[in-house]
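Reader: I would like to go through this entry with you. Could we begin once it is displayed?

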There are 4 protein chains.
Amino acid sequence: MTIPKFLENPIDPIRVEEKSISKLLQEMENTGYQGRKLGEVASIWKDMLGDDVTIMLGLSGAMVPAGMRRILSYLIENRYIDVLVSTGANLFHDMHESLGGKHYKGSHLSPDTELYKHGIDRIYDVFASEEEFRSSDRFAMDFANTLEDRPYSSREFLSELGKTLSKKGPCILSTAYKAGVPVFCPGIADSSIGIGLAVGRKSGKSKAVQIDTIKDVIETAEIVMASKSTGVIYLGGGLPKNFIQQTEVTSSIFGHDMGGHKYAIQLTTDNPVFGGLSGCTFEEAQSWGKISEKAKKAIAFCDITIGLPMVSHALIGMKRKKAPKFDFSNGAKII
Amino acid sequence: MTIPKFLENPIDPIRVEEKSISKLLQEMENTGYQGRKLGEVASIWKDMLGDDVTIMLGLSGAMVPAGMRRILSYLIENRYIDVLVSTGANLFHDMHESLGGKHYKGSHLSPDTELYKHGIDRIYDVFASEEEFRSSDRFAMDFANTLEDRPYSSREFLSELGKTLSKKGPCILSTAYKAGVPVFCPGIADSSIGIGLAVGRKSGKSKAVQIDTIKDVIETAEIVMASKSTGVIYLGGGLPKNFIQQTEVTSSIFGHDMGGHKYAIQLTTDNPVFGGLSGCTFEEAQSWGKISEKAKKAIAFCDITIGLPMVSHALIGMKRKKAPKFDFSNGAKII
Amino acid sequence: MTIPKFLENPIDPIRVEEKSISKLLQEMENTGYQGRKLGEVASIWKDMLGDDVTIMLGLSGAMVPAGMRRILSYLIENRYIDVLVSTGANLFHDMHESLGGKHYKGSHLSPDTELYKHGIDRIYDVFASEEEFRSSDRFAMDFANTLEDRPYSSREFLSELGKTLSKKGPCILSTAYKAGVPVFCPGIADSSIGIGLAVGRKSGKSKAVQIDTIKDVIETAEIVMASKSTGVIYLGGGLPKNFIQQTEVTSSIFGHDMGGHKYAIQLTTDNPVFGGLSGCTFEEAQSWGKISEKAKKAIAFCDITIGLPMVSHALIGMKRKKAPKFDFSNGAKII
Amino acid sequence: MTIPKFLENPIDPIRVEEKSISKLLQEMENTGYQGRKLGEVASIWKDMLGDDVTIMLGLSGAMVPAGMRRILSYLIENRYIDVLVSTGANLFHDMHESLGGKHYKGSHLSPDTELYKHGIDRIYDVFASEEEFRSSDRFAMDFANTLEDRPYSSREFLSELGKTLSKKGPCILSTAYKAGVPVFCPGIADSSIGIGLAVGRKSGKSKAVQIDTIKDVIETAEIVMASKSTGVIYLGGGLPKNFIQQTEVTSSIFGHDMGGHKYAIQLTTDNPVFGGLSGCTFEEAQSWGKISEKAKKAIAFCDITIGLPMVSHALIGMKRKKAPKFDFSNGAKII
């Protein structure tokens, strides 16, 4: 029998023996299903680090209450990512911990109406204190009061907040501020930070800060246009994924067709069969020109709280070829 | 044997015989699993229509390309809902069809890089024409140019757009404009409408319209505070669900604790075990005070393109007790 | 612009107006995502009924406790299916109801350890009485005692059981017995029926009936070989799906390559990305030769308790072209 | 503020630094969502190893093609499990590799009708050669011919097969044979092994071996009754999970209520909301008495190809307190 071209690379069953997390992920690349995909996700991230590429990470879900905040700071600090697009919740929860608030181990089988009476907010199997949250709300309001009465892009706003927080405990925003990593949150109204701004404005206690999210659209497209190429990392889907995906469309309409993101990886638990952007495949994104025809790409269907710890530990010691340095003084530029 | 209290209501197996969709859904309430839940979703919606309650619908996903736009207009026109919070994509796609653009039956097994060469954008098994989309992009830009150079809440902006579109084919925004149903889109930057505004601004071709999403936070909370009680309907999760959920938190901080939404139904395919807000249970929401302790509530795990057609047909002929009439001239009021 | 070939069939948004379930499903074929798939599932089933084809249905899950038993009997009675392959649980639960036992509406949020103390078994949101179940167990044991001390294929065993049950209330097995529809259950050991046989044997209270499941393999392959063509319907996945799928492999090794099933539809909530047979695509099955290259096929990701009621009501009044008549006196034949 | 009792154990965000896989899983126990659950799964398995407990593992899916076979052999060899209940597919695929056959890295985006023409069978992103498979089919047939013309329980049959295979390359069955770990496969008819037996019988080329699966029911219940306590591990759901779960029911009817399994862990991607046993919670199982009220239990929603490599590496070096030694000469006993 002539072995057809399809039968060239045998699956290599994993042997159980002492090894590093990085080595296990490499071995998983020679298995099947989502184990292989997770191995590929780690491998493609490493490829990005060795290329001249701007790495944009989209963060959704409620990852900070689940204990992922130090991993995210680590990725920023080591410039394993260059741009962060996040939901407001993750940034609020992270700020909350840097201000001394906590999240607590709870149970997903809790009596929720009783929790309510005790002022406990539940996020699946994580608890938080409503009273502690209100204290962080007030911090956000007071912070807003220090700003000028003009529109800020979410990036400007969060950069100022990161600067302020750098005097508090370490957190995503302060780490990003120090590392020169811009953080965008175009859905900031949909979070406790947005609530804080709304309460400040309505009560007249703080200035009527406006978040100019259209400027976010422009700046992220400018970043893409200023980059030699781009790599994207999605932890979950939602607004952050779509917002980074659409930079290719926007820059194309701006007259600079970048040919799609060159690298693309995602950890998600969403299923493409329901038509949502969160779970859609990178192949689908190729039809839109959002992902390059030749992109290295992999999606692993895996809870982020499993996949992110594994993959981040596999990056330990990796050297970044060249991290972009941004200048936002007159539009977004790489200097 | 004494039958324990747990064994009071037998499952009633469905008989196959001619019946209406509404009748089938009623029968499904006496079965199990997600069939029962879907029956409950329809039943609770009917309960809302008979109560003095402001009904807020959160719409995520890409439901318009999948043929759900006339159903949404029907719900608005008949005031089976009072407030719509949507992703930008659904509003853009809907506007696109009202301008003469189309979505097309495709296949989820398409050669995507070939589609790209033909200018076809794929959304799972639906196709769209990139060229047709660009035409709608330009419409959005031209529309923006008719606005004043000041911040608009997304509601104001979409109300103006609905007014303009009411001269075109029928669509969600024009129907909402005529029916007095406010439409909010706090993540509008994350859509082709946002791209249109960004391109208009950067090119200098249209005015630098700003979308004041913090005002959206205030207005939605004011709507809740002006209502006797509220009912919420979530088609998918994402930003629209969270944004409506947080109105209870915001109004509470504003000093009016409304005690949580009184009715809550959702169609979703997200799983609570991954900690995201999209798939979280209404029980979890009770711990936050977002859903009333005594709320009627049901989540059906079901694709919206299956559940929504069924449930909407079950509403045919239902009378609304009293639909709120809004006045936004000086904050949001119900008159 | 020349419209590319990809843009020929526009999505036709559904209008809400009075219509039959069958009509709604037809309209859903012109929408997208799983709504379209469910429409296709109904349509392909109708196509089967008009062709010369043996229709095999694989039934997994616990569908009878959820109120699906009369639908299944309806499908058998009207010969909308010709062969049933089931898990043992569905047959046991159905027998249980025909003997006067019941399933009850419960809640998925029940205190399970308390339920245990009250003798209540929970199946998601359905309750059953352990005591009632034990009574049905004893019936199975007594029935086994009426059999001869020899190996039975599961089909023979279940045919005898159907004959016996036809003196009780109507049920799947008695309906199948009367309609000449063979029922296979190759995993019968894995159910309360299997437990009943085991208890009978170990206690010496009934005969040591053996279930010859290898004979099931032979008979199902013979049915396929005796058929002009085959259509398959999977409600869930599991053993019943795989067992029907493998008939194409077995008959091919027997020397009669039938070219794969000609029609194939499935309702499932399993995701192909995890590599399991339950959720695998019919395209994957084509690589194995289990599904014909030209097969009409559709999988809808939808809970069976939603999809089955809808699709079965869409079949009302359909005429079957020709239902096969089986003879098992000397191997499986169609006469 | 008095901290309520609910707020005692803060989430401990993971720091990225060199550590063992075992250490990472321990840290994940102090995070949230499925990451925490996976940590708990590893921890509970370790607890089992230190207790006087018979450990039964249920294996479904197609784990061997995905490179999990050596891990399974490792678990058997080190007596980290005592009893294996498997689908036939996993055992066939494993035998196939021990006979020199292979599985190959493929793509889930393959042209399946072309694969068919090349004799390639696809399992998601894994390929196999139909010709190689047929060779293993023949081995199964020839092996069947060496048996006696009498009923075998699947355990007896697989023990004989393991003995024969121990002269070939190492595999699950030969490792189990040497380690004294019984392997049950009550759905063996539903696999290539079953097809092999069917073809052998129909062709008259091998003896008419019968698999007495009712004997499997009795033996597994006897094992449970002979054990001080039991722990269960489910990789996926399906028949293997249910078959092990029902041992508690069977032994109770046999007159020995064991009080439910004492430890229970599962890796699965099935969702309880659809009512299936595969995805049902261990709380639900408590209502049936299958899981002890005081059991240590955890389910992680995670692909097995991710979770199993991680958890198995965390077990390296663990000592087993006491592995049971089985005697099947006259019913199942522990000696």
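Reader: What should the 17 residues of helix α2 of chain A span at 1.5 Å a residue, and how far apart are its end C-alpha atoms?
Author: Please note that this is a predicted model. Helix α2 of chain A covers residues 33-49 and should span 24 Å; its end C-alpha atoms are 25 Å apart, which agrees.

Reader: How many of the residues of α2(A) are buried?
Author: The count is 12 of the 17, so α2(A) is largely enclosed by the rest of the structure.

Reader: Which ones are buried in α2(A)?
Author: Among them are Tyr33(A), Arg36(A), Lys37(A), Trp45(A) and Met48(A). Leu38(A), Val41(A) and Leu49(A) are buried as well.

Reader: Turning to the contact of chain A and chain D, how many residues does it take from each?
Author: Chain A gives 56 residues and chain D gives 56 residues. On the chain A side, the elements that each supply at least two residues include α2, α1 (21-28), α3 (69-77) and α13 (304-314), together with the strands β3 (104-105) and β5 (126-129).

Reader: What is that side of chain A like by class?
Author: The side of chain A that touches chain D has 30 nonpolar, 14 polar and 12 charged residues.

Reader: Now chains A and B: what turn lays one on the other?
Author: A turn of 180 degrees, with a shift of 0.0 Å along the axis, lays chain A on chain B with an RMSD of 0.0 Å. The two copies are therefore related as by a two-fold rotation axis.

Reader: Which C-alpha in chain A is nearest the axis?
Author: That of Gly187(A), which lies 2.6 Å from the axis.

Reader: Why can one say that the copies meet through the same surface?
Author: Because 100% of the interface residues of chain A are also interface residues in chain B.

Technical notes:
Residues numbered from 1 in each chain as written. Chains lettered and ligands numbered in written order. Predicted model: local features only at pLDDT ≥ 70, side-chain atom pairs only at ≥ 80, totals over all residues. Least-squares fit on C-alpha atoms with pLDDT ≥ 70 in both. Contact = placed C-beta atoms within 7 Å. Helix = DSSP H or I, 4+ residues; strand = E, 2+ residues; numbered from the N terminus. Expected span 1.5 Å × (residues − 1). Buried ≥ 20, exposed ≤ 12 C-beta atoms within 10 Å, placed from the backbone. Nonpolar A, V, L, I, M, F, W, Y, C, P; charged D, E, K, R; others polar.
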